[in-house]
There are 2 protein chains.
Amino acid sequence: MTASTPTGPAVPVAPSVSTQIHLASRPTGWPTPENFRTVRVDLPDLTPGQVRVANTFVSVDPYMRGRMNDVKSYVPPFAVGEAMTGGAVGEVVASTAESLPVGTTVLHQQGWRDVAQGDAAGFTAVTPVPGVADSAFLGVLGMTGLTAWVGLTTIASLRPGDTVFVSGAAGAVGSAVGQIARLLGAKRVIGSAGSAEKVRLLTERYGFDAAFNYQDAPVREQLPTHAPDGIDVYFDNVGGDHLEAALDVLNRDGRVALCGAISQYNTTEKTPGPDNMANLVKQGLTLRGFTVGFHLDQAGEYREKMGPWLRDGDVVTDETVIDGIDRAVDGFLAMMRGENVGKMVIRTR
Amino acid sequence: MTASTPTGPAVPVAPSVSTQIHLASRPTGWPTPENFRTVRVDLPDLTPGQVRVANTFVSVDPYMRGRMNDVKSYVPPFAVGEAMTGGAVGEVVASTAESLPVGTTVLHQQGWRDVAQGDAAGFTAVTPVPGVADSAFLGVLGMTGLTAWVGLTTIASLRPGDTVFVSGAAGAVGSAVGQIARLLGAKRVIGSAGSAEKVRLLTERYGFDAAFNYQDAPVREQLPTHAPDGIDVYFDNVGGDHLEAALDVLNRDGRVALCGAISQYNTTEKTPGPDNMANLVKQGLTLRGFTVGFHLDQAGEYREKMGPWLRDGDVVTDETVIDGIDRAVDGFLAMMRGENVGKMVIRTR
């Protein structure tokens, strides 16, 4: 032992610089590159029980827009002048924690940077699935897929034989919703998306029974033609006109899982709710909002289901990969504009 | 037996004329007396297995307004030119059914008339509660009370320690909601009503912890001052601004039971929903609509609970009684205008 190294076993310390994205100022409406700053930070030596992780992929997600505001919400806001956080997967490159030796693949919340470091308790070892990139832990095997799972099962109480409608269906959550619904016994799965190419993906790749482009005509006109017998479950990723259209055609005891409302994250004014709330009483409908963070206890059960589905090709996923931590903000903004197909991730290694 | 009486056991046949209220035309917006017609009908002799019932009280309820429209709903519309129907309680005055001898008190759906007649299967024998008028079977012991019970328990999943807010709290359903919530362990019960006198009733007679007059100032301003720690359950009898105000202050995992929306029964235009639906996601809220007709399986369990509460004075009720079937329409319209305190009933005997 020398004065310049930590106590404990010999530890490789490189890379010792972490490139991180800080929140420079709070955006009003749509974020711009000026709201962010790329900062290079020298990491301190590890203290006992810590790990240093070279991230392979970091996640950019719609909910992060909410954390850029200084308002009370289900997760605390990002602090101005500090590194943002979020999902990330990486490999342990230095460790003073027996439980997480060098080489372990770990899932954690120190995203928005290429190298993470901290107490081992903040990192969860995961077992890579053969043939599946580790970025899946940020998507269909992670919070994204769990969001679909929790929304369909716990929140919307999906039952075999249900007809399910999903908005934002070509997105990371939506494409998982459609495929999981089918695997859980849905009779018919209908999706909406914002381009002809995405609509084609829904029916040709993700196995939706019907799909439409919400830019072609009002959702309220299009949805009924694709749901001649009504719908039983609506998985809402967008709010607004889609929710209104769904409330028109929900059958008795219909259920809505409200999962964020990406169309409203950037609005600074209050927007009126659906004009047909009376249908809730008439049809005995249930609307339930949720955020996956309150349902993490289901993550283990979920991964046990989804791992084999993925491995066997029962569920297919797409992702849009942006290379380099320096382009993380570009990736985030592109995702907010809907330019991604499937989960948007930043490759950092 | 003589030629003028039916075969079978001796049957008293008087009264043989039924005074009934028919729907003459469908109202647009607020109903007027011209939409109704009083008709005297000669009843046919009983066939085997039937009863004739002299109604003591018939019910007028907000949901009946919906049945006057020709739209698909949870109950079929009233037919123009025929007698309307609804809750009624009366005494069997003639019977060819062994199960319901003369003198039995029965609850049934042939309201809007002073004498009812039909197969015994359409009438349910009930046991009068000592010291309680039979009109209670149309109110706190009947659909009205069951609506409060189902809404609080099945729909809103009331838990001991919850803070409960009720709108239309001085009404028949609302006053039952407040008192049942307290008996089931609510920590704090808050009510709104439309006059100073009703507000006084809420705190002085029905045991609400706090109450306010929604005419004094916007609900959105008044509710937070009465709910410093937020609310956990909102029992919605009115919709509109009350629902919006409740969504502002509902705590995490808060639940809303949507029970009709009397403020909107007479509107012919669609009205925008709450402007803060995003709170459903942020706070994990559940909005669930219901109509009591789909929960009648709970009526027995409910009456077993409420009978003793009523008898022992744990629950107090008020009713507004209008005398005479000829004034049933007046009573219905007065109820729609909110002029009643507690359940509005028509005394027909």
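Two strands pair if DSSP finds at least two bridges between them. Strands (E, at least two residues) and helices (H or I, at least four) are DSSP runs, numbered from the N terminus. By that rule, β13(A) and strand β13 (residues 286–289) of chain B pair in the antiparallel sense over 3 bridges. This is a predicted model: local features need pLDDT of at least 70, side-chain atom pairs count only at pLDDT 80 or more, and totals for chains, interfaces and linings use all residues. Residues are numbered from 1 along each chain as its sequence is written, chains are lettered from A and ligands numbered from 1 in the order in which they are written, and side-chain values use heavy atoms, with hydrogens and water left out.

**Symmetry**

- A turn of 180 degrees and a shift of 0.1 Å along the axis lay chain A on chain B with an RMSD of 0.1 Å; the superposition is by least squares on the C-alpha atoms of residues with pLDDT of at least 70 in both copies.
- That is the relation of a two-fold axis.
- In chain A, the C-alpha nearest the axis belongs to A:G273, 1.9 Å from it.

**Interface**

- Contact (heavy atoms within 4.5 Å) involves 30 residues of chain A and 30 residues of chain B.
- The copies meet through the same surface, because 100% of the interface residues of chain A are also interface residues in chain B.
- Chains A and B bury about 2,300 Å² between them, 60% of it on carbon and sulfur atoms. Buried area is the accessible area (1.4 Å probe) that two parts lose on being put together, summed over both.
- A:K270, A:D275 and A:V281 supply 22% of the area that chain A buries against chain B, more than any other three residues.
- β12 (250–258), α7 (278–283) and β13 (286–289) of chain A are the elements that give two or more residues to the side touching chain B.

**Strands at the interface**

- Across the antiparallel pair, A:L287 stands opposite B:L287 in β13(B).
- A:R288 stands opposite B:T286 in β13(B).
- Within chain A, β12(A) and β13(A) run parallel and are joined by 4 bridges.
- A:R288 also serves here, as the bridge partner of A:A257.

**Salt bridges**

- A salt bridge is a side-chain nitrogen of Lys or Arg within 4 Å of a carboxyl oxygen of Asp or Glu. The count is 26 over all chains.
- Between chain A and chain B the count is 0.
- One salt bridge joins the side chains of A:R205 and A:D318 (2.7 Å, N to O).
- This pair links distant parts of the chain, 113 residues apart. A:R205 is in the loop between α4 (196–204) and β10 (210–213) of chain A, and A:D318 is in the loop between α8 (299–311) and β14 (319–323) of chain A.
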